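This report describes selected local features of one protein model. The sequence and structure are shown below.

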Amino acid sequence: MDLELLSYGEAAEMIAREVARLREDAEASERSAEVNSNYSEWMALQDARGRILAQRILADRDQPAFARSTRDGYALRVGDLLPTGTTTTLPIAGSTRAGEAVAELPPGSSWEILTGATIPRGADAVVMQEHVEVSGERVCVNRALKAGENIVQQGAEARAGDLLLAPGTLMGAAELALAASCGYTKMRVRARPRVLILTTGDELGEPEIFPQAGQIRNSNATLLRGLAEEAGAEAIVLPSARDEDSALDDAIEAALKTAANFAGKAPVLLVIAGGVSVGRFDLVESALARRKARFHFTGVAIQPGKPVVFGEMPYSDADGDEGPLKFFGLPGNPVSAAVTFRLFVEPVISALAGSKAELPRFWPARIENAWVGKAVLTRFLPAVSESSAMGALDAPMVRLVAWQGSGDLAAFARSNCLVVIPAESRGMEAGEKVRVLLR
Ligand code: AMP
Ligand code: MG
């Protein structure tokens, strides 16, 4: 069962392959049942933020639906203007404000127009209010105008029937606003993946109870719930399990039952925390093996998070036809759990959710303080990036946070990113280029 330790690159590639497979499945189900796929549901516009679109959003009419003025000013015919340097005086024949129907511009005249209003038929430019003199019922123009100036033509943004949002799009404020502008008051979205969270450890107590000697409060249940929700999943926290074979067998059995409840309704992922290192009471891997688990990896050369486990195990629903349940086993140390979640679990949740986002996302930065270490593992060190530091066009500076190792949740909470130190690096000098992962 003990596989070789993978490098970070190898593990990331393994996850990327899994993600690609999940995406192919999602695309196949989109093709076969565009609207009624099992893993999607109707959602009202106001409830769809953060959800992944499971249908296409089309422009229901031209956008804009009418030639629109982008300024307050006067619509006119460019051809009516005298040569540059000569003032043209045009009568103001009427006025249109936003919301009013299209008017008709009489020959040789101008038309008062407000931002967002329909351009009168016959006009081909709008001169800004600030650029003219108005005297009584006349406007005096003394500047050159190009045809189309300050007008967005009908259909310039999109044509009726154009695809505006494709399935797999994460619906944020802008996407929802676009859907609203096309009259979508509800839409088909993908079911949220259900992430079953199982924490393990004899030392764990619930946060509301003051711990006895040697005990600690279970913070990983809260940590993993939050990370899963941030990743677009619905978290289901299972009762924590003790470090005993029978307790773990029962807990995994219960997790599989819960997973079966969602068969055909939503994708499910099991995330176990604790009990995956090599200690005498790290019993999770063997419990998984007893359920005929197949392991993709059982350790990655990273710090923190080296003992991380990824695999899948068979299970069946009442009809006996549910696929394997994918699982992760994360180290119990909070920072290790959080880092391995960001690196490996979140991309899988995102793919299960039907998102097309490429994760994890790294950004370039420069390290502010020097770092010295051994060259063995790819490290992901908690750091703080303050965007106000340094010149605006330079990569942001990041400062490593002092910490007591992967159990130091307090230091981790003070960080806002993770600096990547490549496996072959023995040290980083102040100012050196690094990649960071937002936390
Ligand atoms: P383990 O991975 O089980 O060897 O645990 C490594 C460290 O993480 C130990 O110090 C545990 O006490 C701690 N730990 C394990 N599970 C949790 C949890 N749910 N909440 C907070 N700390 C934990
Ligand atoms: Mg433990």
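Strand β13 is mostly covered in this predicted model: six of its six residues are buried, where buried means under 20% relative accessible area, exposed over 50% and partly exposed in between (1.4 Å probe, protein chains only). Helices (H or I, at least four residues) and strands (E, at least two) are DSSP runs, numbered from the N terminus. The side chains of β13 alternate: R194, L196 and L198 point one way, whereas V195, I197 and T199 point the other way, and all are buried.

The model is predicted, with local features requiring pLDDT of at least 70 and side-chain atom pairs counting only at pLDDT 80 or more, while totals for chains, interfaces and linings use all residues; side-chain values use heavy atoms, with hydrogens and water left out. Residues are numbered from 1 along each chain as its sequence is written, and chains are lettered from A and ligands numbered from 1 in the order in which they are written.

The table lists strand pairings, two strands being paired if DSSP finds at least two bridges between them.

| Strands | Sense | Bridges | Bridge partners |
|---|---|---|---|
| β13 and β16 | parallel | four | R194 and E234 |
| β13 and β17 | parallel | six | R194 and V268 |
| β8 and β9 | antiparallel | four | E133 and C140 |

Residue R194 lies in strand β13. Is R194 buried or exposed? R194 is buried, its relative accessible area being 15%. Its side chain and that of E234 are joined by a polar contact of 3.3 Å; such a contact is a pair of N or O atoms within 3.5 Å, and within protein one must be able to donate a hydrogen and the other to accept it, while residues adjacent in sequence count only if both atoms are side-chain atoms. E234 also stands opposite R194 in β16. Residues up to four places away in sequence aside, R194 touches E234, I236, F262, A266, P267, V268 and L269, contact meaning heavy atoms within 4.5 Å.

Strand β13 also takes part in covering helix α3. In α3 (residues 220-230), the residues N220, A221, L223, L224, L227 and A228 are buried. Seen down the axis of α3, these buried residues fall within an arc of 160°, so they line one face of the helix; the arc is that of the directions from the helix axis to the C-beta atoms. What covers them includes β13 (194-199), β16 (234-237), β17 (268-273), β21 (325-330) and α6 (334-352). The face of α3 turned away from its buried side carries the exposed residues T222 and E230. After α3 comes G232, with a positive phi near 95°.

Elsewhere, six strands form an open sheet of mixed pairing, in the order β7-β4-β6-β5-β9-β8. Its edge strands, β7 (125-128) and β8 (132-135), each pair on one side only. Neighbouring strands of this sheet are turned by 40° against each other on average, direction ignored; axes are lines fitted to C-alpha atoms, for helices over the stretch in contact, and angles run from 0 to 180 degrees between N-to-C directions.

The domain assignment gives domain 1 (8-39 + 191-352), domain 2 (43-61 + 158-190), domain 3 (68-152) and domain 4 (362-438), with bounds that come from an automatic or database domain assignment. The centres of domain 2 and domain 3, taken over C-alpha atoms, are separated by 36 Å.

Finally, A395 is placed in the loop between β24 (378-385) and β25 (397-400). Its C-alpha atom is 4.8 Å from that of A365, 30 residues apart along the chain. Neighbours within four places in sequence aside, A395 is in contact with P364, A365 and R366.
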